[in-house]
Amino acid sequence: MSVMTAAPRAALSAAAVSALLGNFTPVDAGVLAELPAETVEEHARDLLKRLHVAAEITAPGRGAALIEEVLAADPDEERLLNCLDAILEFGRLPEDLSADEAEKAARAEIRQEVLHFDRIMDLESLREGRITIKARRDLLHGGTLGAAERLLVLLQERLMMRGARPLHWQDLSSVEQKLVSASGDGARLERSQYPVAVACAAGADSAQAADVLAALERNLVRHPMPVSLGLLDYAAFVEGAAPASVIASTLHLTEDGEVLADIWAAGSGSWAVLTRDGFRQRVVDQGTLQAQSLGQDRTRLAHATVTMPEGAWLLLTTEPGIGALANLADELNRPGRTGRVDLGSSLGRLCGDAPYALGKSGALTRLAQPTSRDYDDTLREFAGSLLDGASGLHLSIECGHVHADREMGPAQLRGLDLGARFVELLGDAAERGATPLSVDVAAMVDDDHVLNRFAFGRYRELFAERNIPVDDLILESSPLPRAVAHDVLRRALQRDGQGYRLNQVGGNLYLEAPDLRLELIEDLHGEMRNGCVLFEVGLVMYRAAREQLTDVFWQETGAERDDLHGRMAAAYDAAPDPLTREQLRTGFERMYDDPWTKVVDEPGRTPFLDAYTEVLTARFHRGETTAVFNVIEDYYRPQQEKVVRLAELLDIPLPLHALFFGPYSRGVERLAAGTGCAPCN
């Protein structure tokens, strides 16, 4: 068995532990202060492994080594973070980047995104080292595996967006073939359905090798090979599995009709491209990959991209010497005992106990980039479900959700196209059924946890170009939905002990239920920042009854009424400097002052919740349906599900619906929380 292991990594300094956990995880300082030292070290070790695997996806064979090189130099926190941002984004140190790359790395977008979504996935609540939280339907893993999955998906998406990796669309209807068989002392996988894949593994025994390949295939039906293998490596680390080696490849058709083998390895192995010349095997290309086996402290993946002739075979084996054989063709064509040339017998002789696998380049299909019209059946069905039996429909739709530190990318534009197509189909269905319809188009920009560089005017133009002009451009820093969310917080205080309890940890406020733990408020006695899920409940309520809750906001603040969100966006566009925008944001936030002491003193005063309930009740009794619909990327699913669960715990009717799409998958999935919404109790 060819398994490469390495000495354990040297212990991290206290400063490095603090910098890593403080900047790459949402585990708050107050929570960390209550954890035993060994648990904090375990968190840091888990995080560093995730960063190692991520860096190896960006820069196979050298990314993790660069991280170790930086840590060994014991840099100050600023240098450490700058280096990690550059390595994760581009696989190089800051001083080796171009001016444009350096500017992009300095935005720390990956770090900000990871922090944001790990907080959604409840990793801030880890108290006892590694735990597993409820898995998401669109992701395979929860807990720390979920954190790794999101990080690796994000990196792969960014590599594809800038053309550093080819974009091969995943089909969410793909299923596992489970064609794993014994080979030598290991196992092989020869998958013939999309995505076509070939792999072999060697471990402690053939049973472990078969388990490794079964797990790899589970990943492959959702993710490209680098993400799938990276998750396999990280899972082996978390589980403390025995070392195992894997060499695997997916086979794809390029736009030009060429067959591309995307070969990745954890551990040592060889590959060769074979064709037939009459009765003889011909070696078109061959090579050896040297990497670290699965699950080690230190990470090293190996990668090769090979173009294959039509009808060629790809040979993979964990025997590293095969790829270096100068006379491989002669060995493959050596007659056996019967005097005949048999490829299987030749490979068995050459590989010995090492497993091998063969994948053929024929009969491949290429999935075209999806368009919004590919989902017409799903969108029509959803439109029909909203209109069915309703005497009218009030719809608020959000699509093209974006963060203020970046440009609109393919994923955001895809969401815009899906949203526009749904509005078109919904209008047609409402017209056929003579059902009164009001559509409120909400554009949402996250500006509260990122550097605000966004062009808001151009954002509006993208909606108008798709015939869905923006009715309300909402910013996450807006005091209006935050004010609504504070009424939700008051409801939580009122009902504390009824199926959940509120708990203060490290200056933050958490809601804890048997199936849920949410951060409601960060920095309870300071800035008092709404947790993501709490904010989203308030946002959904605001969008469901926008005019009425806007009236309440101006009544509560006593300020002169205007188009608050339009004024915010215009002010930002007029002041492109991010620091000036930060000052403007702070000023807008001060429009609504509701400190924790006031919330505690007035838990029963909920003017926004009262107005919201009145609106939905009136519509309900008139037979009208209210729907708040989000068209967003699939990694928002855990947030949306927790929004629904929080509203249920607090007995707040929430007409939330969502359509999820993946950054590199063709399928869509729908979440339907409530239709119409009966009145509160």
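In what order do the four strands of the open sheet line up? In this predicted model, the order is β7-β6-β9-β10, and the pairing is antiparallel. The edges are taken by β7, covering 280-289, and β10, covering 356-360, each of which pairs on one side only. On average, neighbouring strands of the sheet are turned by 20 degrees against each other, direction ignored.

At the β10 end, things can be followed strand by strand. Strand β9 (residues 313-317) is joined to β10 by five bridges, and the two run antiparallel. Within this pair, Leu 315 sits opposite Leu 358 of β10. The sheet also has a helix laid over it: α12, residues 343-351, lies across β6 (269-277), β7, β9 and β10. Relative to β10, helix α12 runs at about 140 degrees.

Over at the other edge, strand β7 holds Gln 281. Is this glutamine buried or exposed? Its relative accessible area comes out at 8%, under the 20% cut-off, so Gln 281 counts as buried. Setting aside neighbours within four places in sequence, Gln 281 is in contact with Leu 274, Thr 275 and Arg 276, and also with Ala 329, Leu 332, Asn 333 and Leu 343.

Next come two helix pairs. Helix α9 (residues 206-220) packs on helix α10 (residues 225-239) at an angle of about 135 degrees, with the axes 9 Å apart. An angle over 145 degrees would be needed to call a pair roughly antiparallel, so α9 and α10 are oblique to each other. The crossing of α9 past α10 is right-handed. On the α9 side, the contact is built from Val 212, Ala 215, Leu 216, Asn 219 and Leu 220, while α10 brings Met 225, Ser 228, Leu 229, Leu 231 and Leu 232. By type, the residues of this contact split into eight nonpolar, two polar and no charged.

The second pair is α18 with helix α22 (residues 607-621). These helices pack at about 155 degrees, and their axes are 9 Å apart. That angle makes α18 roughly antiparallel to α22. Here too a right-handed crossing is found as α18 passes α22. Gln 548, Leu 549, Val 552, Phe 553 and Glu 556 of α18 meet Pro 607, Phe 608, Ala 611, Tyr 612 and Val 615 of α22. The tally for the contact of α18 with α22 is eight nonpolar, one polar and one charged.

Helix α18, spanning 546-557, turns up again around helix α19. Which residues of α19 (residues 564-574) are buried? They are Leu 564, His 565, Gly 566, Met 568, Ala 569 and Tyr 572. Besides α18, these buried residues pack against α15 (456-464), β14 (472-475), α16 (479-494), α17 (532-544) and α20 (578-589).

One of those partners, helix α15, contains Phe 463. With a relative accessible area of 0%, Phe 463 is buried. Leaving out residues up to four places away in sequence, the side of the contact list that comes earlier in numbering includes Cys 399, Leu 416, Val 441 and Ala 443. Phe 463 also touches Ile 468, Pro 469 and Val 470. As a long-range reference, Phe 463 and Gln 177 are separated by 286 residues in sequence and by 42 Å in space, C-alpha to C-alpha.

Note on methods: Residues numbered from 1 in each chain as written. Predicted model: local features only at pLDDT ≥ 70, side-chain atom pairs only at ≥ 80, totals over all residues. Heavy atoms only, no water. Pairing = 2+ DSSP bridges. Axes fitted to C-alpha atoms, helices over the stretch in contact; angles between N-to-C directions. Contact = heavy atoms within 4.5 Å. Buried < 20%, exposed > 50% of the residue type's maximum accessible area, 1.4 Å probe, protein only. Parallel < 35°, antiparallel > 145°, perpendicular 65-115°, else oblique. Left-handed = near helix turned anticlockwise from the far one by under 90°. Nonpolar A, V, L, I, M, F, W, Y, C, P; charged D, E, K, R; others polar.
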